[in-house]
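Reader: I am new to this structure and would like a close look at a single part of it, taken slowly and in connected steps. Could you choose one part and lead me through its surroundings?

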Amino acid sequence: AQRIEKHELLEFRRIAATLYKNNKRWEESINLSKADRMFKDAIDTTAESRQMDQAEGLLKFFVDAADKEGFCATLYTCY
């Protein structure tokens, strides 16, 4: 996963994020998904992690980015 997370193709980076998620390395997976603007993947990983601090971090990310839809989707999915 570490080798392909810096790959130029988006799908390879998504595979890396999925591998991190499957190995319960939530933060790496979420950060990689946010960097690639794959917000659905980030939200799903946050919900699967069931960690309050991860959810709050993602909500703060959407507030800082003024992304109302992402904020609402995170609230609906995670809480």
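Author: Helices (H or I, at least four residues) and strands (E, at least two) are DSSP runs, numbered from the N terminus. This is a predicted model, in which local features need pLDDT of at least 70 and side-chain atom pairs pLDDT 80 or more, while totals for chains, interfaces and linings use all residues. Residues are numbered from 1 along each chain as its sequence is written, and side-chain values use heavy atoms, leaving out hydrogens and water.

Before the chosen part, helix α2, comes into view, the chain around it deserves a short description. The protein chain has five helices and zero strands, and its elements, read from the N terminus on, run α-α-α-α-α. Taken along the principal axes, the C-alpha atoms of the protein chain fill a box of roughly 30 × 25 × 15 Å. Of the 79 residues of the protein chain, 32% count as buried (under 20% relative accessible area, with exposed over 50% and partly exposed in between, for a 1.4 Å probe and protein chains only). Among the contacts (heavy atoms within 4.5 Å) with a separation of 6 or more in the protein chain, 31% are made by residues that stand 24 or more positions apart.

Helix α2 covers residues 26-35, and its buried residues are Trp26, Ser29, Ile30, Leu32, Ser33 and Lys34. The cover over these buried residues of α2 includes α1, which spans residues 10-22, together with α3 and α4. Two neighbours in this list, serine 33 and lysine 34, can show what that cover looks like at the level of single residues.

Serine 33 has its place in helix α2, and its relative accessible area is 3%, so serine 33 is buried. When residues up to four places away in sequence are not counted, serine 33 touches Ala17, Met38, Asp41 and Ala42. Lysine 34 also lies in helix α2, and, with residues up to four places away in sequence again not counted, lysine 34 touches Phe39, Ala42, Leu58 and Phe61. Ala42 therefore appears among the contacts of serine 33 as well as among those of lysine 34, while serine 33 remains buried because its relative accessible area is 3%. A further distance helps to place lysine 34: its C-alpha atom is separated by 11 Å from the C-alpha atom of arginine 14, 20 residues apart along the chain.

Two of the residues that lysine 34 touches, Phe39 and Phe61, lead on to the aromatic rings. The structure holds three aromatic pairs (rings of Phe, Tyr and Trp, the last by its six-membered ring, with centres within 6.5 Å; planes under 30 degrees apart count as stacked, over 60 as edge-to-face and the rest as tilted). One of them is the pair of phenylalanine 39 and phenylalanine 61, which is tilted, at 5.8 Å centre to centre and 55° between the planes. This pair links distant parts of the chain, since phenylalanine 39 is in helix α3 (residues 39-49) and phenylalanine 61 is in helix α4 (residues 52-64), 22 residues apart. Phenylalanine 39 has 16% relative accessibility and so counts as buried, whereas phenylalanine 61, at 26% relative accessibility, counts as partly exposed. Phenylalanine 61 also forms an edge-to-face pair with phenylalanine 62, at 5.5 Å centre to centre and 65° between the planes. Phenylalanine 62, at 1% relative accessibility, counts as buried, and Phe39, Phe61 and Phe62 form one aromatic cluster.

The far end of the chosen helix completes the picture. Just after α2, arginine 37 takes a positive phi of about 60°, a positive value in a residue other than glycine. Arginine 37 lies in the loop between α2 and α3, and with a relative accessible area of 62% it is exposed. The loop between α3 and α4 holds arginine 50, whose phi is near 55°, again a positive value in a residue other than glycine. Arginine 50 has a relative accessible area of 78%, so arginine 50 is exposed.
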